[in-house]
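Here are a few friendly exercises for getting to know a new structure. Take your time with each one before reading its solution.

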Amino acid sequence: MATLLASVVGFAGATGPYASITYDEKDKQNSTQMNYVYGLNVGQKFENGFAAEVRMEDERVEPGSGSTQKQESLAQVKVSYDIATGTAFTPYVAGAVGHKNKSTLDFNFWVAEAGVKAKFGDFGVRYGYRRRADWANSSTNAYNTDEQTIALGYNLTKNDNISVAYKQERRNDSVSSEYNTKGIYYTRSF
């Protein structure tokens with residue numbers, strides 16, 4: 001649930017349609033590998049706290065050390081729910097399903113996320129925890145991960161938001177898939 005929600009912070013808070021472009025640099029730990037992720041999100045926020053979103057992603061994997069570059073892609077559908085508290089703090093939950101295309105395999109996955117957003121005028125901050133896994137629970141695709149995100153956002157206008165994020169993705173098994181990620185996101189509400 002986090003992947004979709006985490007990739008677009010969307011602090012603007014207005015109801016209605018929105019679109020986001022995203023860019024992440026994923027630094028694979030204990031490796032020379034860097035991944036560059038370009039994303040597009042299109043979504044709809046509803047007055048009852050729900051939002052629905054579609055994400056498309058292209059990822060360039062640069063292994064380093066003379067290895068060959070790889071391309072990966074992702075398509076995902078997500079639903080999230082903001083829990084109104086009447087304060088500056090808004091807890092949220094989200095869930096997503098999607099399909100990942102890697103250079104050597106394709107698989108379907110699910111995402112579960114929970115976190116809290118805080119809004120202070122035109123500034124916003126978000127903490128999110130995400131669990132992501134493939135449906136087959138395979139250890140071969142290195143996609144069964146936990147991720148924590150901290151994001152800061154600023155409303156440039158009533159309809160335009162820019163956000164930055166730092167993420168740590170980790171696994172709890174012997175497969176090496178640990179990343180520290182920096183990202184920047186632009187969201188336009190319509």
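The exercises below use this predicted model and look at its core and its aromatic rings.

**Exercise 1.** Find out which residues make up the largest nonpolar core, and which strand gives the largest share.

*Solution.* Start with the members: Leu74, Ala96, Phe107, Phe109, Val111 and Tyr143, 6 residues in all. Next, look at strand 6 (residues 106-120), which supplies the largest share of this core, 3 residues. Now follow Leu74: leaving aside neighbours within four places in sequence, its contacts include Phe109 and Tyr143, along with Arg55 and His99. Finally, pick out the rings: Phe107, Phe109 and Tyr143 form one aromatic cluster.

**Exercise 2.** Classify the aromatic pair of Phe89 and Phe120 as stacked, tilted or edge-to-face.

*Solution.* The structure holds 6 aromatic pairs. In this one, the centres are 6.1 Å apart and the planes stand at 80°. Planes over 60 degrees apart count as edge-to-face, so the pair is edge-to-face. Then place the partners: Phe89 is in strand 5 (residues 89-101) and Phe120 in strand 6, 31 residues apart.

**Exercise 3.** Decide whether Phe89 is buried, partly exposed or exposed.

*Solution.* Buried means under 20% relative accessible area and exposed means over 50%. Phe89 has 45% relative accessibility, so Phe89 counts as partly exposed.

**Exercise 4.** Which rings have the charged end of Lys26 or Arg132 over them?

*Solution.* Take Lys26 to begin with: its charged end sits over the ring of Tyr179, 4.4 Å from the centre. Arg132 lies over the face of Tyr143, at 3.6 Å from the ring centre. Tyr143 also belongs to the core of Exercise 1.

Conventions: Residues are numbered from 1 along each chain as its sequence is written. This is a predicted model: local features need pLDDT of at least 70, side-chain atom pairs count only at pLDDT 80 or more; totals for chains, interfaces and linings use all residues. Side-chain values use heavy atoms; hydrogens and water are left out. A nonpolar core is a set of buried Ala, Val, Leu, Ile, Met, Phe, Trp, Tyr and Cys residues joined through side-chain atoms within 4.5 Å. Buried means under 20% relative accessible area, exposed over 50%, partly exposed in between (1.4 Å probe, protein chains only). Helices (H or I, at least four residues) and strands (E, at least two) are DSSP runs, numbered from the N terminus. Contact means heavy atoms within 4.5 Å. Rings of Phe, Tyr and Trp (its six-membered ring) pair if their centres lie within 6.5 Å; planes under 30 degrees apart count as stacked, over 60 as edge-to-face and the rest as tilted. A charge sits over a ring if NZ of Lys or CZ of Arg is within 6 Å of the ring centre and within 35 degrees of the ring normal.
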